[in-house]
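Colleague: I would like to go through how two parts of one chain meet, and on what grounds each term is used. Please show me the model.

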Amino acid sequence: MLKIEDLHVEVDGKPILKGINLEIEAGQVHAIMGPNGSGKSTLAYVLAGREGYDVTKGRVLYKGQDLLEMAPEMRAAEGLFLGFQYPVAIPGVSNIYFLKAALNAVRKHRGEEPLDAIDFMKLSKEKAALVQLPDELTKRCVNDGFSGGEKKRNEIFQMAVLEPSLAVLDETDSGLDIDALKVVAEGVNSLRGPERAMLVITHYQRLLDYIVPDTVHVLIDGQIVRTGDKDLAKQLEREGYADVQGAQQL
Amino acid sequence: MTNPSRQTLLGSLPASFDSGPEWLRALRGRAADALREQGLPTKRTEAWRFTPVRSVVDAEFSREEESAPSLVSAVPEGVAVRSLRQVLQAEPELLAGRLDLGGAPTHFAALNTALFSDGLWIDVPAGTAGEAPIELAHAISTSSERGVAYPRVLVTLGDNAELTLIETYAGGEAEQLTNSVVEVDLGRNAKMSHVRVHENAGLQVGRVDVRQGADSSYRSTVVTLGGALLRFDVRCLLQGKGAECQLDGAYLIDGEDHVDHHTLVEHQASHCRSAQTYRGIASGKGTAVFDGIVVVHRDAQKTEAHQENRNLLLSDTATVHTKPHLEIDADDVVCSHGVTVGSLDQEQLFYLRARGIPEDLAHSMLTYAFLKTIVDRVSHEPTRARMREALLTRLPHGDDIEGVA
């Protein structure tokens, strides 16, 4: 599904990612853990196609295609989804209109007929229930006046509607209390499936108690320093990033 | 070949005013004297620096006689809508002390004061809430003559009265000039919602002058969709303690449009609030001007005043001049102002694209949303819907984004 090979990325001339190698198969959930400033969000943005990131070396293959050559909307149409750490508010554009436009753009790319308003409302209601997003919020403008938790639920709601092949979730747990975290995690878990891969980016192990990964990578200073199973996350929680990094260097 | 009935604007001022009640003759005389002394604005006139009107000042126009706006709605119970001409003939004492623009008619407003021949007086007596809106349509004659019209509207609300007024200034030929004045007098705790739409304005100069009593509220939403040369001034005098005004505007210009909005809010009493939000989109070779002044007088303590002007420039050849400013003589006040001229928010654009929305569609959605947040403040649903439609018609890819919100 996704193959990252020796990826080097700079921002404003400063190296952030320094040779990332990562492969994710369909059906797998990988977690990337790392301290602040390790390059986690940069990786997420580079995968989604945000401007301002210079790939100086390496490549990314997504479903066998060169991902880095594709426009952001093309990546989304091909089934890539980024759950934003800080979803932006868009006053004047209703959530439901935006999502319908997004879904129909993706469907068009797949050669499917657009959903009409009635079918879309049905789908939207069903998916909103998954993350307990109140009906009222689906009709408001995109993230406008939403609380931190509501924004994150809105991200997972969008993911549920768009049904991506690869979901990159950037610190979906940040700013959530434990109840909201459980709701969001349940939403994510319900979307796990043999055809879908996920890359869960987080600072804390807590999220991984609820979204249990197949593989855990530790990202420090732009490089993956350790890879292991879910127990690696627990070890990190006990020992901290410094020890893991130290052990690596021995 | 010259048309004998045509005159320049200043040349059309009579030497003396011989009809109407004495106070009106005096008022017109003062306005005419002031005009002869100061003339009409030139490019050296500070408030007209970015809006050249020489072509208007030098041009000859024939006078449009039928310049009163048409009433296109029912009149709510208890509200009186009367012809100014008729009241001035039959009961002129009712209007004595009105129609003087707070004592300071200048430039085009002075010209209107000297020359208007008819108009409407909308009177909402104390305690009357006009539930349904009053709608006025201004359209000058479709004759091919280069004409000038001087529409005049007086709105008076007694204590605790309420009114929604919708005015539409529809397009005339590019060479036809509309020079309008609307005066509003709000009694204690009166509430007025005023929507003003300029669509395809040709040559338009307009002034709205509002005087507000204690605890009164004035909400204005101005939507300007194109205009060959449009200048529109709103002045709010917050004269009574606790009065508030909200001035919102949206403008969309293209081609060689020139659209100029000026606002002046004077906080003359304490505990008053004012908020202004103007947003515009400039494309083509259009020029947009925004100039907003908030004056806080020395005794106007506990004033709250906010002012914001945001502009989207969609082409390299469009121009925006914006100048919000505050003059504060009181010390216990909360004031803010801000201005932006730029392009679409890159973060919003990326968010839409990252969900699969093609770039040009994302552009259209955000451009529309930028003005729609102002249009949504139009208090009258049918007008609001019509404005949304008009925006969509004018924006690139508007057809693709119907139902955006």
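**Where the two domains of chain B meet**

Modeller: In this predicted model, the side chains of B:Arg377 and B:Asp248 are joined by a salt bridge, 2.9 Å from N to O.

Colleague: What makes the pair B:Arg377 and B:Asp248 a salt bridge?

Modeller: The cut-off is 4 Å between a side-chain nitrogen of Lys or Arg and a carboxyl oxygen of Asp or Glu. The N to O distance here is 2.9 Å, and the partners are an Arg and an Asp, so the pair qualifies. Between domain 1 and domain 2 of chain B the count is two salt bridges.

Colleague: How do you know where the domains of chain B begin and end?

Modeller: The bounds come from a domain assignment, which gives domain 1 as 7–343 and domain 2 as 345–405. Their C-alpha centres lie 28 Å apart.

Colleague: With centres 28 Å apart, which residues count as the contact, and how many are there on each side?

Modeller: Contact is judged on heavy atoms, within 4.5 Å, and not on centres. By that rule, domain 1 of chain B supplies 30 residues and domain 2 of chain B supplies 18.

Colleague: What area is buried between domain 1 and domain 2 of chain B?

Modeller: About 2000 Å², with 68% of that from carbon and sulfur atoms. On the domain 1 side, B:Leu225, B:Leu252 and B:Arg279 lose the most area to domain 2 of chain B, together 24% of what that side buries.

Conventions: Residues are numbered from 1 along each chain as its sequence is written. Chains are lettered from A and ligands numbered from 1 in the order in which they are written. This is a predicted model: local features need pLDDT of at least 70, side-chain atom pairs count only at pLDDT 80 or more; totals for chains, interfaces and linings use all residues. Side-chain values use heavy atoms; hydrogens and water are left out. Domain bounds come from an automatic or database domain assignment. Buried area is the accessible area (1.4 Å probe) that two parts lose on being put together, summed over both.
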